[in-house]
Each structure stands twice: as structure tokens, then as C-alpha cells.
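Let's take a walk through the empty spaces and the ligand site of this protein. The report goes cavity by cavity, then turns to a pocket and to the ligand.

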Amino acid sequence: MRMYDIIAKKRDGFCLTREEIAFAVNGYVAGSVPDYQMSALLMAIYLRGMTDEETAVLTDVMAHSGEMVDLSAIQGIKVDKHSTGGVGDKTTLVIAPIVAACGVKIAKMSGRGLGHTGGTIDKMEAVPGTRTSLTQEEFFAQVNDIGIAVIGQSGEIAVADKKIYALRDVTATVGCIPLIASSIMSKKLAAGSDAILLDVTMGNGAFMKTLDEAIELARLMVSIGTAHGRQVAALITDMDKPLGHNIGNALEVAESVAVLRGHGPADLTEVCLQLASNMLYLAGKGDLRSCRALAESTLRDGTAYTKCRQMFAAQGGDVSVLDNPERFPKARYSYELTAKQAGYIAQNDVERIGNASVLLGAGRLKKDDAIDFAAGIIMHKKLGDVVKAGDAICTFYADDPALFEAAEEMYRGGLIIADQPPQLPPLVYARVTREGVERF
Ligand code: URA
């Protein structure tokens, strides 16, 4: 078999066999297929697409390119959740404790920030002392003991995805539904949970810009997971507006704690409750209505917050900052960005908001950059809000005031204030299961 022929076959629009896909992926991991040939194949896939069967095979081959975690040493149903990425998307920090407080095990591996989007592991590390790297024995023991552990993804999981994702990132082949679906599902299948809830974000801050694309991605991922014997569902959630008000690692932990303690922003609370209810449903805790009631009860009676504290304490985190977020290390400087005119916030590009927070130090511009956990943005006015000239739209936080200028330019470049209010997106657009698509 020759890589040249596999590239030519896909270039000409034909379907690849399992043997051909395995030859390309395993050869790339082993180093016998060079970057330039894998890049050519990825571009051919980007342009020609893949059938559902090819995508399922690609996912399977990538999942088996590394460790397939066996969670059977943890008793009971394990549920995982994955978001396709967003800005101010701190849902895992809220949902995982809610679900664990309802008696369903969370043995979760999460990622770091990528581009303009944040990552759960960076946020957790904003709590001083928190360890996000546990041995497998520690990980299993913690989940068996308190029902929840969230750690960084092991480098041994889906190693092909790691290598291929890095190549896609620099060859303009990220935004391709079969490649995104196989990348996400290879990691989720390898991570071993019995049930997986996918949060497919949609809007100007997400990979998927339209509802049709988001539904197509969700449908494909649900069908791949189902074919592998997992319980899978997806919610299509909005990313035309960041969730809550806070963007940046410590700021987002503080806002998540507010939700867990029952006084968080309404939009973030609602999305978290919908995601958590669906996870409980997949874990067999009853119909969606009773799962929603169960999830709500954990916010009311404080058991979800207690579970969150237990998790951070077990992983070495200083829980006094959770009890009193004022104790989080503070940024040295702040800057208020104000409205230049009166009107409605008619557009507020989410990708630009995320990039502004990266410029303030909350994310990485280069792979090995250190993160400033205190840096970020608090939004006072969001899409659809009314402003007067001079009103504070948001506050920037950084350790160096020289960072404010570039961040302001980035933020203002996506901000439009107009006389007419915009049409506001719903929080959740649709639910996709093996039975079909339910649009809201
Ligand atoms: N997230 C992933 O893990 N992979 C993709 O391809 C896109 C988003």
C-alpha cells in the first residue's frame, strides 16, 4: 500500500477502506508517513468529505492509537461531557459536581485552553495547590471515594489525534465536520465513560457557525458513540454570547462557585441545569423532568457545592478561595472599557472577546506560555443590553497596563452599538439523540 495512492483516491472523491485509513493514521504516528503526505490527505478529506462509515473507522483507528482507559475498577455508571469549545464556558466546573452530587460517577479528563477558547484544567489550576495530574490509582481511588475527579488528559490517550490536531491547526484543516467528530469522539471513547453528553457550541465564538452544521456534527458524533455501545446525546448551545459575565481562569471559577451556591447568572445556571439533566438522563436517573428536578435540588440544598469543595480538597486545592473568592490572587491593574455612544449592544463578537482575554494574559499566545490566572474580563453589558454613552461595557484585568491597548482594540473591533436591539439567540437550540433531532 502507498500513501500516494490513498491521497489520490480521496482527492478523486472515493471512499477509503479501513486498511487505508489505518495505514495513513498508524503510519503517521509511527513516523513512516511524513507531515506533507498527511497534510495532503487531510486537505483532500477537508475538500471531499467522508461518509459516516469512513468517519466511524477513522475515529476507531485514532482511539486505538493510544491507551483505551478501562474504568471498570470504578463501580457504577460513569458519565462524561465534552464541549466543542467556547468563551466563558465554565460549565464543567458546575455540572460535574451537580451530577456527582446526584450519585453518578464523574471520572473526567479535560483539556487546556485552545486559541480563543478556555479549558477546564487551566481554570482548576487557578485554585492554588490544585493537582490536575493524578496517577491512575489516585484517579480511580478518588472517584470511588467521593464520586468525582477531573484531571488533565493523559498524553497516552488518542495519540494520533494529538499529532493530527497539531497538523490541522497549521494547515487550515480544523473546520471540517468528519475531522472534528473523529478528533473529539476518539478521545471520548478512549477515556472510557459509559455515557457521554456532547455540548456542541454554535455561533461566532464556536467552530460551528450555523445550526445545520452544528446539528450535522452532533448527529455524527452521537451515531459514532452509539455504534461503540455508549449512551450519547448532544445539546446545541449558543456561543454568540459568552456564558455568564466572567472570562479568565480565576474569574470563571468564582462565577462557577456562585452558580453552585445558588446566586450565579441566570443564563449560565440554566445551561448548566439543562446539561446536567441530560447527563443524569443518560446515566439512567429517570426521565428528563425528574433529572432536572434532581439537578436543581443539589443547588438548593448545597450538595453540589459540597461536592465541588470535596473534589478540590482531594486534589490539593485551597478551598478557602472557593468559600471566599475575594481571596483569589488579584490582577494588579484594571481598566474600564466604556460605551462611546448610546444604544443597544447589537454585536459583540465572541471570538474577539476570547482573543482580548488571551491578550490580557488569560490564555496562551504560544504553546508554552504561562497563564496569568487573575487576568481576564468581566462583562457588564452583553449582546442586547441597553447602554448610555460612558457606561462601562466591561472591565479588563491584567498584571501589565501595557496590555490594555491591544485588548481594547480587539474587543472594540467586534462591538457594534446600534439604535435597534438585535435578535437574541436562544440558550439551547436543539437536542440530538439516537432517536433524532428535537429543535427548541
Ligand atoms: N476539539 C477537538 O478536540 N478537536 C477538534 O477537531 C475540534 C475541537
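## The largest cavity

Val25, Met38, Leu42, Ile45 and Leu58 lie nearest the centre of the largest cavity, and they belong to a lining of 15 residues. Please keep in mind that this is a predicted model. The volume of this largest cavity is about 90 Å³. By class, its lining has 13 nonpolar residues, together with 1 polar and 1 charged residue.

Which helices build this lining? At least two residues each come from helix H2 (18–30), helix H3 (35–48), helix H4 (52–63), H8 and H9. Among the contributors, H3 gives the most, with 4 residues. In terms of domains, domain 1 (3–49) and domain 2 (79–154 + 166–323 + 428–439) each provide at least three residues of the lining of the largest cavity.

## The second largest cavity

How many cavities of 30 Å³ or more does a search of the whole structure find? The search finds 2. A general word on how such spaces show up: rolling a probe the size of a water molecule over the atoms shows where empty space is left.

The second largest cavity holds about 40 Å³ of space. Its lining is made of Leu93, Val253, Ser256, Val257, Leu260, Cys308, Phe312 and Leu322. Sorted by class, 7 of these residues are nonpolar and 1 is polar, while none is charged. Two helices, H11 and helix H14 (303–314), each supply at least two residues of this lining, and H11 gives the most, with 4 residues.

## The second largest pocket

Helix H11 turns up again when we move from cavities to pockets. Spanning residues 249–260, H11 brings 3 residues to the lining of the second largest pocket, which is the largest share. This pocket has a volume of about 240 Å³. It is lined by 13 residues, and the closest to its centre are Leu251, Ala254, Pro325, Phe328 and Lys330. The lining divides into 10 nonpolar, 1 polar and 2 charged residues.

Where does the second largest pocket lie with respect to the domains? Domain 2 (79–154 + 166–323 + 428–439) and domain 3 (330–418) both give residues to its lining, so the pocket lies between them.

## The ligand and its shell

Now for the part you may want to look at on screen: the ligand site. The residues around the ligand are Tyr165, Arg168, Ile180, Ser183, Ile184, Lys187 and Phe207. By class, this shell has 4 nonpolar residues, 1 polar residue and 2 charged ones. Helix H8 (159–169) and helix H9 (177–191) each supply at least two residues of the shell. The most comes from H9, with 4 residues. Both H8 and H9 also supply at least two residues each to the lining of the largest cavity.

Three side chains in the shell are worth a closer look for their N or O atoms. For arginine 168, such a side-chain atom is 2.9 Å from an oxygen atom of the ligand. For serine 183, the partner is a nitrogen atom of the ligand, at 2.7 Å. For lysine 187, a side-chain N or O atom is 2.5 Å from an oxygen atom of the ligand. How much of the ligand's surface does the protein bury? Taken alone, the ligand exposes 240 Å², and the protein buries 93% of that.

Technical notes. Residues numbered from 1 in each chain as written. Predicted model: local features only at pLDDT ≥ 70, side-chain atom pairs only at ≥ 80, totals over all residues. Heavy atoms only, no water. Near = heavy atom within 4 Å. Polar contact = N/O pair within 3.5 Å; in protein donor to acceptor, adjacent residues only side chain to side chain. Areas by Shrake-Rupley, 256 points an atom, 1.4 Å probe, with all protein chains shown as cover. Nonpolar A, V, L, I, M, F, W, Y, C, P; charged D, E, K, R; others polar. 1 Å grid on protein atoms, 1.4 Å probe; cavity = no way out; pocket = protein on both sides within 12 Å on 5 of 7 lines; lining within 4 Å. Points joined across faces, edges and corners; volume = space filled by probe spheres on them. Domains from an automatic or database assignment.
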